[in-house]
Amino acid sequence: MGVRKSGRTLLAPRRSVLRGAAVMAVAAAGALPAWAQGVKGKLKVAAVYTVPVEQQWVSRIHTALKAAEARGDIEYVWAESIANTDYERVMRQYAEGGQQLVFGEAFAVERAARAVAKDYPKTAFVLGSSFKPQEPNFSVFDNYIQEPAYLTGMIAGGMTKSNIIGMVGGYPIPEVNRLMNAFMDGAKEVNPKVKFLVSFIGSWFDPPKAKEAAFAMIDRGADVMYAERFGVSDAAKERKILAIGNVINTQPQYPDTVVASALWHMEPTVDRAIAAVKAGTYKAEDYGPYSRMAYKGSSLAPLGTFESKVPAELKAKVKAREQEILAGKFAVKVNDAEPKSTM
Amino acid sequence: MDIVASLLDILVSAAFWTAVLRIATPYVLGTLGELICERAGVLNLGIEGIMTLGAMAGWMTVYQGGGLWAGVLAAAACGALLGLLHAALTVPLGLSQHVTGIGVTLLGTSLSYFVYRLVLPQASTPPTIVPFQPLPLPGALAQTPLTYVALAMVAAIAYVLYRTPVGLAVRMVGENPAAAEAQGLNVTALRIGAVMAGSALMALAGAFLTLSAFNAFFFNMVNGRGWICIALVVFASWRPGKALVGALLFAVFDALQLRLQQMTGGVLPYQVFLMMPYLLSILALVLVARRASYPRALMIPYRKGER
């Protein structure tokens, strides 16, 4: 009895809080959310990352936001290495703190992140997600960089002498699979004889293990490695074979190893969202297309140190495909299925 | 039949055994470290955090201009310090060894990243160092020096534990601290010393990851290797020689799954292969642990004069 009673007394203040909130909501109903009425001066932008900002994927968002900050467009705050279990709290904290635009990655916290967006309709959310946007304020983006991945695949297919290409991934999630599949399609286009070795290490951050997986492939004859994880290019460098970079350009670190990289640029996405909130035209939207080559959201990195080492004929083929993609005449297939070894 | 033939091909290749020794090294060092702690009666669940701190401290020392061996020493010293913290809480104060150990793990991992970020606030691609290079030896012997340190440690620790007075004393405080006390031994000092020495070895296991296996520090790179070491100690029945066997066995399974996964990738889901080393280890543990004789005073705090 006593317990139930105390439960009831506990409920009372919560009810009055709710009632208070309702009154406030009614009072505020006349005012439009920030993203619907435009913002003068610097926009307050926050980002919530589940991994350190060095991580390739997240670093692209961070870099784009840092650039916007340097231009004086935004005030930028960020939290890194946030556990998925803590993600919702940090989102709420930023929303409560008056951040007008929040970037992040919703992959492992879809439901919670979407609930937060509902609770804070005055804040604009732009999160990495494999799903659809949610009205009125939850936009999505993703690394749709299958086009340059296809082009790097063509280069890999043309550069391999053993006709065996090794691919080491973290987990076979759509974000990884679609790039691997596009890469494989590209390699097969220029070299139908090419075979693939595929393995996943079950971790995003275990470079020693990624390196071991790469060594195992090189022992089986792979002479070009698709470096989806840190550690793979290191194995390729040690064994003096070639590697293809992904998301970021790693050629400066491995000048004699990394032939080409498929780059992701978050600037078009980030700048578009910032401009929309500032202008008061922001709405829930799929920002995915802005990671495409046509919007400069992705690109094939310059061949750099390999400019003279890649055969001219191959370079011409890649160049032609690149032009076709940019002109909208060639569509790279988006295939999110798990890639498998073909030998 | 095809699979059997390729399996044999893998097992006789030198490259496979090179990989096995390389993968086994952190497990050998970590298991020996845990073994010393437990032999003295203290369970050290701080291992995962101590390995992370060792990985960071060793790497950071080299990155700041120190030599590779200076990095190894710095890692060991940092490990010993965290060990001292664990021992101070669990030995004289007699706190729960489980809770304290988990606390040390949380502290070690967070502290590592905190220090890393303080020193390197500019986030970019993780900076690298020039790590230990494999020695110019034929076949599977072409390993980095730390692998040989690990192998030498197995012999050294077996010798110290079973052939020297200090080894006898360490084993005694783990079996029957009251009897050790009656012999005039200082149980508290022996246990603290053993935990510090064991933790230094765990830190070396972490340092191997950043100074030999790879050349940069990542927040999560220890990735559960410490927990495997805890299980390997049981597998080894608290004996250094068997610890080496256990670590090698786990490494064989891991090196094998990496190769089998790409070979028959289309047949079985990749997760099955990732599970393989763990499943086989559990199986081995079940078979071996029945006969394991654990240190009698493991996890029992010693209070002077208590009956």
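In which sense do strand 4 and strand 5 of chain A pair, and over how many bridges?

**View 1. Strand 4 and strand 5 of chain A, side by side in a predicted model.** Strand 4, which covers residues 124-128 of chain A, pairs with strand 5 of chain A in the parallel sense, and four bridges link the two. Within this pairing, A:Phe125 is the residue that stands opposite A:Phe138 of strand 5.

**View 2. The two covered faces of strand 5 of chain A.** Strand 5 runs over residues 138-141 of chain A, and its side with A:Phe138 and A:Val140 is buried, as is the other side, where A:Ser139 and A:Phe141 lie.

**View 3. Chain A as the setting for these strands.** The secondary structure of chain A comes to 11 helices and 11 strands, and of the 343 residues in the chain, 51% are buried. When contacts in chain A with a separation of 6 or more are considered, 67% of them join residues that are 24 or more positions apart.

**View 4. B:Thr210 and its surroundings in chain B.** B:Thr210 belongs to helix 9 of chain B, which spans residues 187-213. Because B:Thr210 has 31 C-beta neighbours inside 10 Å, and 20 or more are required, B:Thr210 counts as buried. Leaving aside residues up to four places away in sequence, B:Thr210 touches B:Ala55, B:Gly58 and B:Trp59, together with B:Ala216 and B:Phe217.

**View 5. B:Thr210 and B:Met172, a pair separated in sequence and in space.** Along the sequence, B:Thr210 and B:Met172 are 38 residues apart, while from C-alpha to C-alpha the distance between them is 36 Å.

Definitions and conventions:
Residues are numbered from 1 along each chain as its sequence is written. Chains are lettered from A and ligands numbered from 1 in the order in which they are written. This is a predicted model: local features need pLDDT of at least 70, side-chain atom pairs count only at pLDDT 80 or more; totals for chains, interfaces and linings use all residues. A residue is buried if 20 or more other C-beta atoms lie within 10 Å of its own, exposed if 12 or fewer, and partly exposed in between; C-beta atoms are placed from the backbone. Two residues are in contact if their C-beta atoms, placed from the backbone, lie within 7 Å. Two strands pair if DSSP finds at least two bridges between them.
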